[in-house]
Each structure stands twice: as structure tokens, then as C-alpha cells.
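Opening the notebook on a new model today. I want to go through it piece by piece and jot down what I look up.

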Amino acid sequence: MGRSTPWIHHWSRLIIVAIALIGVIENIYLTSIKLLGGTAVCPTSGCEEVLNSPYSMVLGLPLTLFGLFAYTTVLLLAVVPLVFDPTTQKARRQAVETQTGFLLFLVTTTMVCFSSYLMFVLFFRIQAICPYCIASALFCVSLFVLTLIGQNWEDLGQLGLSGLGVAMITAIVALGLYNSVGDINTANAFSDSGGNTGLAITTTSGPAEIALALHLTQSGVKEYGAYWCSHCYDQKQLFGKEAFAIINYIECTTDGKNSQTQLCEKAGIQGFPTWEIGGKLYPGIQPLEKLAELSDYQGQREQGK
């Protein structure tokens, strides 16, 4: 009488499909936030810090886009064997499970290794708590473990060597991709004795932008931001160099110039940029026309550089 098949062999593929599907949904959401702008729903400010950090982009594309590709690949590889009937097409199904199982092992090994490096970046470089990032790392580990224990492996030695090779390649690629980033202070950021100031504003302000900036400052309007925040930089570009110099800007990072992190914490800032107008917070990039309306500005409205 043969040994019964472990229950995990029957259910591992379905569990992998479920986890991969969650990963796909998460990365679609975060990619849309990154590409379209806006603020991710998050209990901490760490999500925005990560999404706006230089580590969030790879080869000019959002890192989450690559995550979406990885989870989609896992999802498809896990689903393929399930197409075959376990009774009438048992042999075919087992053959496909073996083939896709090895590919799953290679993909999930890559995901675990790259995710491990990103966890190092999260905790030691960015120094933030990002629930989405941590959840994704746990998903990767779960997928890897389920792949390992979800089927019988004929040659564990060869499997181990393959995994080691993939891990080494992944480590080299990860270090190569982020070598130019180095520290969380992006290579394009400027600094002086007072701290990091971020990218230089390249647009020139017109009379309308300057007048609006004066009105906002006189009305007690504040903008909370971070020198490395790409959305904050886009907001600065809307005003132009001369006008933004007038804005009551509050730097929320500890290593930024004129850092005022305590004010940011007291105000309950969750993402950057965030405008405080009339005691209310407005997160995200705000069009100049919107800022004019929110602050009851009655002056010139024709912005132009």
C-alpha cells in the first residue's frame, strides 16, 4: 500500500494562486498611485516615503511595475497545472506540475532575494515602516516556502545549486541597479551646511505665481514636504523658483535643510506634500488654481512661466 499524498501537495497551488493574486492587486494599486499621483491609504507615513524615494524607481519605471510582473508570472505558473483534470489527465497534470514547479522555484527564489534586499533598504536606508512593503516580503517568503514543500523534488542537490545561482545573480543585479542611488539622499539632491535641499527648481515664476505665493504666506498657509519627495519637487516646479522662495515650506525630514520634524508630527502629516489651509490638511500636489480657491485668493489667476 503506497503512502498517501501530503495534503499540502494538493492545496499548495491554490494557496499560491491566492497569495499571488493579492500581490497582483497590491502592485496594481501602488503602481497607479506612483504613475497617477495621489496618496496611498496607509496607517504610517512610511508608504509615502518609500513611494517618493529614489528606490521606488528602477530603470525609469516604478519598482511596483516589476513586482506586478513577478506576481503575475507566479500566478500563471501556479494556475497552468490546475487546468488539467486530476482524474482523467493525471499524468499530464503531474508532468506540467513538475515543469512549472521548477520555474516557480526559480521565480520565487528571485523574489525572496530581491525582497530581502529591499527590506534592508527599507529599515536601514529609508528607515521607515511601510506595511505594503512588509506584506509583499511576507508574500514572497510564503510563495517560496509553498513552492518548496508543495511537491516532491527528485534532485534536491541540483535544486539547491540552481537556487544558489539565482540568488547570486539577483544580488548582483540588485546591487547594480541601486548602486547609483547609494544612500536615501538621491544623487541628484543638493546639500549645504544646513542640510539637504533636494533638486534645484528650474522653472521661473511669473507675476501671478509670485502674487499667489505672497497671499498664501500672508494667510498662514503652510506646505509640509521632504527634500527627496518627487511630488514635492513637482509642486515647487508649478510655482517656480522665485515664488516658491516665498512659500512657508516646512521640511519634515531629519536631514533636510531647516528640518522641523516635530511640527510635521504635531500636525499629523502622513504624506508629502501636504498643504495646511485654514486648519485643514490637503495631501498631494495641488494645482495653483485649487490653492487660490482654498485660500480665497482674489488676485491675478493667469499663471505662466
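**Entry 1: a polar residue in a helix**

I started with Asn27, which is buried at a relative accessible area of 7%. I'm working on a predicted model here, so every value below is computed. Asn27 sits in helix 1, which covers residues 7-36. Next I asked which residues Asn27 touches once those up to four places away in sequence are not counted. I got Thr64, Gly67, Leu68 and Tyr71. I also looked up helix 3, which runs 63-79.

**Entry 2: the annotated domain**

I checked the UniProt record, and an unreviewed entry there lists residues 9-151 as "domain: Vitamin K epoxide reductase". How far apart are the end C-alpha atoms of residues 9-151? I find 5 Å between them. I also pulled the secondary structure of this span, which is 75% helix and 3% strand.

**Entry 3: disulfides**

How many disulfides does a search of the whole structure find? It returns 2.

I took Cys42 and Cys47 to begin with: they are joined by a disulfide, S to S 2.0 Å. I noted the torsion about the S-S bond as 60 degrees, which is a right-handed link. Are these two cysteines buried or exposed? Cys42 has 17% relative accessibility, so I count it as buried, given that the cut-off is under 20%. Cys47 is buried too, with a relative accessible area of 1%.

Then I went to Cys252 and Cys264, whose sulfur atoms lie 1.9 Å apart in a disulfide. Here the torsion about the S-S bond is -85 degrees, and the link is left-handed. Where do the two partners lie? I place Cys252 in the loop between strand 6 (249-251) and helix 10 (261-267), and Cys264 in helix 10, so the pair ties together parts that are 12 residues apart in sequence. I checked burial again: Cys252 is buried at 11% relative accessible area, and Cys264 counts as buried at 5% relative accessibility.

For the pairing pattern, I numbered the bonded cysteines of the protein chain in sequence order and got 1-2, 3-4.

**Entry 4: a cysteine outside the pairs**

I looked up Cys140 and found that it is in no disulfide. Its nearest cysteine sulfur belongs to Cys113, and that one is 10 Å away. A disulfide needs the two sulfur atoms within 2.5 Å, so the 10 Å gap rules out a bond for Cys140. I have Cys140 as buried, with 5% relative accessibility. I looked at Cys133 as well, and it is partly exposed, with a relative accessible area of 21%.

**Entry 5: a nonpolar patch**

Last, I went over the surface for nonpolar side chains. Which residues form a nonpolar patch there? My list reads Leu59, Leu61, Leu65, Phe66, Ile169, Val173 and Leu177. Together they have about 610 Å² of accessible area. I then asked which helices each supply at least two residues of the patch. Those are helix 3 (63-79) and helix 6 (156-178). Helix 6 gives the most, with 3 residues.

I picked out Val173 as one of the patch residues, and found it in helix 6. Val173 is partly exposed, with a relative accessible area of 41%. Patch residues need over 30% relative accessible area, so Val173 at 41% meets that cut-off.

Key
Residues are numbered from 1 along each chain as its sequence is written. This is a predicted model: local features need pLDDT of at least 70, side-chain atom pairs count only at pLDDT 80 or more; totals for chains, interfaces and linings use all residues. Side-chain values use heavy atoms; hydrogens and water are left out. UniProt positions are given in the numbering used here, feature names are shortened, and annotations may be inferred rather than shown by experiment. Helices (H or I, at least four residues) and strands (E, at least two) are DSSP runs, numbered from the N terminus. Buried means under 20% relative accessible area, exposed over 50%, partly exposed in between (1.4 Å probe, protein chains only). Patches are made of residues with over 30% relative accessible area and no salt bridge: like charges are joined within 9 Å, nonpolar side chains (Val, Leu, Ile, Met, Phe, Trp, Tyr) within 5 Å. Accessible areas come from the Shrake-Rupley method with a 1.4 Å probe; for residues, only the protein chains shown count as cover. A salt bridge is a side-chain nitrogen of Lys or Arg within 4 Å of a carboxyl oxygen of Asp or Glu. Contact means heavy atoms within 4.5 Å.
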